[in-house]
Amino acid sequence: MLQALREIEGGVRLSLNVAARMPRLAKPPVLESFLRQVYFSGVTAATGVILRACTLGVLIIAVMIDMLDADIDLAVKILLLLVFRELGPLAAAVVVILRTGTAISAEMAMMRVSGQTRALRYLGIDLYDYLVVPRVAGVMLATAALTLYVQFLAVSGALVISPFIIEASFTELTTRLFELFKPIDLYYSVIKSLLFGFAIAACCCWHGLNPPDLTPNGVPKVVTRAVMQSAMLVLAINAVFAYLVFGILFFGLVKAQL
Amino acid sequence: MTELAMRYARNSAGHEIRLDVPRGAATRVHLPDHDAKAHLVTAVLKARGEADEELELFGEPTSALRARKREQLRARVGALSPVVGLIGNLNAWENISLPAAYHGSPPLPEVARLAHEVLEGFGLAPRAFFAKLPDQLGPLERKVTALARLLVAPPELAVMDALEEGLTHAECACVGRFEAEYRARRPDGTLLYVDTLEDA
């Protein structure tokens with residue numbers, strides 16, 4: 001219980017500290033570290049999600065029309081709802097947790113264990129400025145970009161590939177998509193993915209900088225905790241956000257009294 | 001009376017250490033063990049001693065300093081020590097230039113000129129050397145990188161911690177030139193060589 005409270009307090013402090021220090025991104029080494037993070041978390045992850053994202057879109061349309069006998073209207077509506085509101089941001093967050101969250105927590109824990117964070121302090125370099133701020137900002141941006149990319153691929157995959165496996169033309173699907181699309185879905189997913197990125201990076205940085213013991217044995221423990229808690233945070237943010245914005249929770253099972 | 005750059009005392013675990021380091025000189029100290037050495041180096045770099053330590057830097061007792069004053073003292077000391085090792089995921093150039101790039105001075109072209117001078121002084125080809133990560137460098141090369149980083153803003157008091165540790169005989173001869181490199185950039189600076197009785 002005490003440990004959990006300590007982690008929550010540490011996480012909140014770290015988040016506030018990072019938010020206050022965002023202007024430090026202008027410093028050259030911090031900016032360089034930020035760009036590296038964006039490249040690692042966003043650009044190098046992009047190729048790995050192409051097939052999965054396309055398959056996701058095709059599956060949604062195919063399952064709706066072929067197996068559940070939905071008409072094109074309903075299928076496209078569900079595609080938009082799922083891809084923009086739920087699965088797009090969640091899929092990007094999962095990729096970011098698995099690729100970047102593990103890397104950040106392990107790297108930071110190794111730096112802490114091997115005394116490199118201490119060396120940075122003695123060189124007069126603030127750990128938040130140099131290690132935490134660029135990673136948090138980089139992961140936020142990369143998660144938002146990756147979310148948009150996954151959504152684009154899923155929708156494109158659904159529109160282009162679905163006509164080969166179900167009885168619906170590309171033109172029909174596209175026309176319905178543009179009619180049903182609402183910009184709020186896009187804003188919603190961008191803000192949500194920025195929050196996901198912030199939570200994942202802040203959680204992984206906090207665990208990386210606070211390993212349970214300063215030996216190499218502490219590193220795998222840090223990674224496990226960081227990944228587990230990042231995933232829980234993402235799910236919690238997802239639920240709270242859905243409740244706050246749309247007044248529903250768990251796909252409508254819980255409704256807000258607005 | 002000789003002006004002191006540093007005065008240090010520690011009384012712990014049966015060891016009594018008392019150290020007066022005159023300003024502008026090079027002083028060699030053999031400490032009883034690695035723990036005592038790590039305590040000394042850490043106290044100097046933090047400009048703050050533990051409960052069983054007394055530390056004066058440039059005539060200022062460090063026990064009850066304000067944070068700002070302590071920061072100012074910290075900026076006047078530096079160390080070539082495993083305590084201030086290289087950053088593993090940065091290459092040699094990034095390691096050398098990181099403090100200057102972060103603090104905004106001296107300008108990076110000046111850092112590059114100085115790094116070239118230091119590396120060439122030790123017979124190393126800067127262009128290939130800069131791209132290497134610390135893990136790809138030998139023990140002497142790592143120490144030269146750390147020296148170049150230290151000399152970017154040469155401190156008034158430089159602690160040289162176990163300089164010859166892990167080096168061959170030939171490499172130890174090279175390390176002997178570190179003082180000349182430091183003096184060339186800080187003629188009035190103070191050098192403190194520390195190692196343990198076991199190493200000695």
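Here a colleague quizzes the modeller about how the chains in this predicted model are described.

Modeller: Quick ground rules: residues count from 1 along each chain as its sequence is written, and chains are lettered from A, with ligands numbered from 1, in the order in which they are written. The model is predicted, so local features need pLDDT of at least 70 and side-chain atom pairs pLDDT 80 or more, while totals for chains, interfaces and linings use all residues.

Colleague: Why is chain B called as compact as a globular protein of its length?

Modeller: Its radius of gyration, taken over C-alpha atoms, is 17 Å, close to the 16 Å that the globule rule gives for 200 residues, so the description fits. That rule is 2.2 Å times the number of residues to the power 0.38.

Colleague: What makes a residue of chain B buried, and what percentage are?

Modeller: It needs 20 or more other C-beta atoms, placed from the backbone, within 10 Å of its own (12 or fewer is exposed, in between is partly exposed). In chain B, 34% of the 200 residues are buried.

Colleague: How do you know which residues of chain A are in contact with chain B?

Modeller: Two residues are in contact if their C-beta atoms, placed from the backbone, lie within 7 Å. That gives 14 residues of chain A in contact with 13 residues of chain B. The largest share of chain A's side, four residues, comes from α5(A); helices are DSSP runs of H or I, at least four residues, numbered from the N terminus.

Colleague: And what is A:A202 in contact with?

Modeller: Leaving aside neighbours within four places in sequence, A:G11, A:L14, A:S15, A:V18 and A:V136.

Notes: Helices (H or I, at least four residues) and strands (E, at least two) are DSSP runs, numbered from the N terminus.
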